[in-house]
Amino acid sequence: MTATAARAFPSEFLFGAATAAFQIEGAANEDGRTDSIWDAFCRVPGAVINADNGDVACDHYHRYRDDVALMKDMGLQTYRFSTSWSRVRPDGGALNPAGVDFYKRLVDELLGAGILPWLTLYHWDLPQALQERGGWTNRDTADLFTEYALDMHDALGDRVNVWTTLNEPWCSSFLSYTAGIHAPGHFSVKEGALAAHHLMLGHGQAVRELRARDESLNLGITLNLTVADPVDADSPDDVDAARRIDGQFNRWFLDPIFRGEYPADVVDDIRAIGSAGAEAMDALAAATRPGDLAAISTPFDSLGVNYYHGELVGATAPLTPPDGGQAPTDRQTGSPFPSWERIHWHDRGLSRTAMHWEVQPEGLTRLLERVSDDYAAPADVTLYVTENGAAYDDEVVGVDGTKRVHDDERRSFLRAHLGAVLDAIEAGVDVRGYFYWSLLDNFEWAWGYEKRFGIVRVDYDTQERTLKDSGREYRRVIEARALDATTDAPVR
């Protein structure tokens with residue numbers, strides 16, 4: 001084994017892992033919880049592989065103490081989880097004390113283990129009753145979200161200091177209301193634009209009201225962001241394809257949140273697609289009331305960056321199109337990008353995960369540098385990598401108490417992306433933490449239980465948890481608070 005100098009992480013850097021309520025909790029019909037849009041979507045024929053659902057998932061609702069013990073054993077300093085709106089305010093209505101009590105118990109368990117609770121208020125599980133009133137296309141949902149946020153602060157504000165409003169609003173707007181890929185599975189450019197606006201309005205209102213409650217809170221939002229590169233940097237058409245992906249994926253959310261404005265070029269792009277685009281932008285303009293963008297751009301403390309891969313795009317199709325990353329169901333879906341014509345994805349020749357996503361750690365470094373320079377640093381906002389992970393096919397060996405899970409590809413993925421974070425830090429970017437996605441194998445949305453992202457394997461038949469080699473490696477890095485350059489170091 002070749003020994004080289006270790007690269008240390010800053011003393012204040014936090015190591016964590018992340019999950020989401022619908023993906024792990026189960027207990028779908030217990031203690032007053034009612035349907036979310038994902039419960040309803042799982043019942044749509046062809047929407048989810050194998051018609052899987054979240055009724056049981058990882059049974060975290062009953063096994064949270066054991067799961068927190070696993071986190072402690074790994075040395076996690078912080079745990080990013082979401083609260084279920086459908087559990088806390090079933091049907092979007094009155095507060096449900098039994099649902100709130102679960103999160104009180106979870107937070108107490110985390111604090112008792114010395115783990116910082118990192119709470120996300122919305123990770124896509126809107127109460128179905130609110131969807132039947134228009135969901136995020138209805139402005140009232142932003143106000144109800146703000147009420148829900150304050151309810152959670154009433155319950156947990158004395159013990160939880162870090163509050164994230166939304167996880168990946170691009171997914172819960174354009175992927176959900178325009179592409180039909182996620183719940184509620186609609187196909188409307190107009191609905192996607194309205195949902196995005198009301199999601200960001202809910203974020204801004206919640207930040208404003210929580211700040212009024214307690215100025216010491218660490219408040220933020222998490223966005224999934226990408227690096228969009230043109231196939232040929234000298235081709236105006238390829239450069240324009242990359243600009244449109246960056247605009248519709250990144251800047252549609254970054255610009256309103258940080259600058260209080262929608263990117264004018266993207267508005268023009270969407271109008272240019274024809275009547276559907278014009279209708280969408282007219283509806284957005286009509287829905288944007290005086291003061292909305294000021295509320296959306298309410299100052300906050302922390303931006304969570306979720307990164308899985310970049311995009312290599314051009315204006316012409318490749319001879320061999322790369323595999324996509326969407327679940328292969330029979331149900332028809334569309335593009336989440338309203339302006340999608342003459343945008344084609346190309347293969348960089350990199351290795352790919354089981355989701356068919358390219359492994360591109362240097363893209364994370366570039367993304368963090370860009371977001372810091374253009375948005376976060378000027379606003380005095382701190383960056384955290386709040387999701388980064390990969391699905392692979394694990395190798396399970398042994399039985400019962402001797403079981404081990406070998407996942408060398410995930411172990412390498414983890415190390416490479418931690419190295420990319422260090423590269424950004426060494427370049428001067430203020431990155432304060434990293435959360436691996438996911439702590440547990442779980443319900444992976446339209447993929448159901450087909451893909452495993454966890455550093456802990458879950459046997460869905462028995463609910464047995466097994467720490468994978470990647471989880472052992474993460475524990476080793478956390479203990480050392482450093483990343484050595486040796487890839488064949490032992491795991492234990």
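Colleague: How should one read the open sheet of three strands, and what is its order?

Modeller: Strands of a sheet pair through backbone hydrogen bonds, either parallel or antiparallel. Here, in a predicted model, the open sheet has the order S7-S9-S10 with mixed pairing, where strands (E, at least two residues) and helices (H or I, at least four) are DSSP runs numbered from the N terminus, and two strands pair if DSSP finds at least two bridges between them. The edges are S7 (228-230) and S10 (344-345), each of which pairs on one side only. S9 and S10 run antiparallel and are joined by two bridges, with glycine 314 having histidine 344 as its bridge partner in S10.

Colleague: Before we go on, which conventions apply to the numbering and to the predicted model?

Modeller: Residues are numbered from 1 along each chain as its sequence is written, and side-chain values use heavy atoms, with hydrogens and water left out. Because the model is predicted, local features need pLDDT of at least 70 and side-chain atom pairs count only at pLDDT 80 or more, whereas totals for chains, interfaces and linings use all residues.

Colleague: Which strands close into the barrel, and in what order?

Modeller: Eight strands close into it, in the order S2-S3-S4-S5-S6-S8-S11-S14, and their pairing is parallel. Neighbouring strands of this sheet are turned by 25° against each other on average, direction ignored; axes are lines fitted to C-alpha atoms, for helices over the stretch in contact, and angles run from 0 to 180 degrees between N-to-C directions. As one instance, S8 (residues 302-306) and S11 (residues 382-387) pair in the parallel sense over five bridges, and leucine 303 has leucine 383 as its bridge partner in S11. Helix H15 (residues 408-426) packs on the sheet, touching S2 (14-18), S11 and S14 (431-437), and its direction makes about 165° with that of S14; contact means heavy atoms within 4.5 Å. Helix H10 (residues 236-259) lies across S6 (218-224) and S8, running at about 160° to S6.

Colleague: How does one read the pockets, and what is the volume of the largest pocket?

Modeller: Rolling a probe the size of a water molecule over the atoms shows where empty space is left. A pocket is an open set of points, on a 1 Å grid over the protein atoms alone, where a 1.4 Å probe fits, with protein on both sides within 12 Å along at least five of seven lines, and lining residues have an atom within 4 Å of a point. The largest pocket has a volume of about 1,100 Å³, a volume being the space filled by probe spheres set on grid points joined across faces, edges and corners. Its lining has 48 residues, of which His309, Glu311, Gly325, Gln326 and Trp357 lie nearest the centre, while H10 and S9 (311-314) are the elements that give two or more residues to it.

Colleague: And how many salt bridges does the structure hold?

Modeller: Side chains of opposite charge can pair when their charged atoms come close. The structure holds 49 salt bridges, each being a side-chain nitrogen of Lys or Arg within 4 Å of a carboxyl oxygen of Asp or Glu. Among them, arginine 404 pairs with aspartate 469, their closest N and O atoms being 3.0 Å apart. Arginine 404 lies in strand S13 (residues 404-406) and aspartate 469 in helix H16 (residues 469-480), so this pair ties together parts that are 65 residues apart in sequence.
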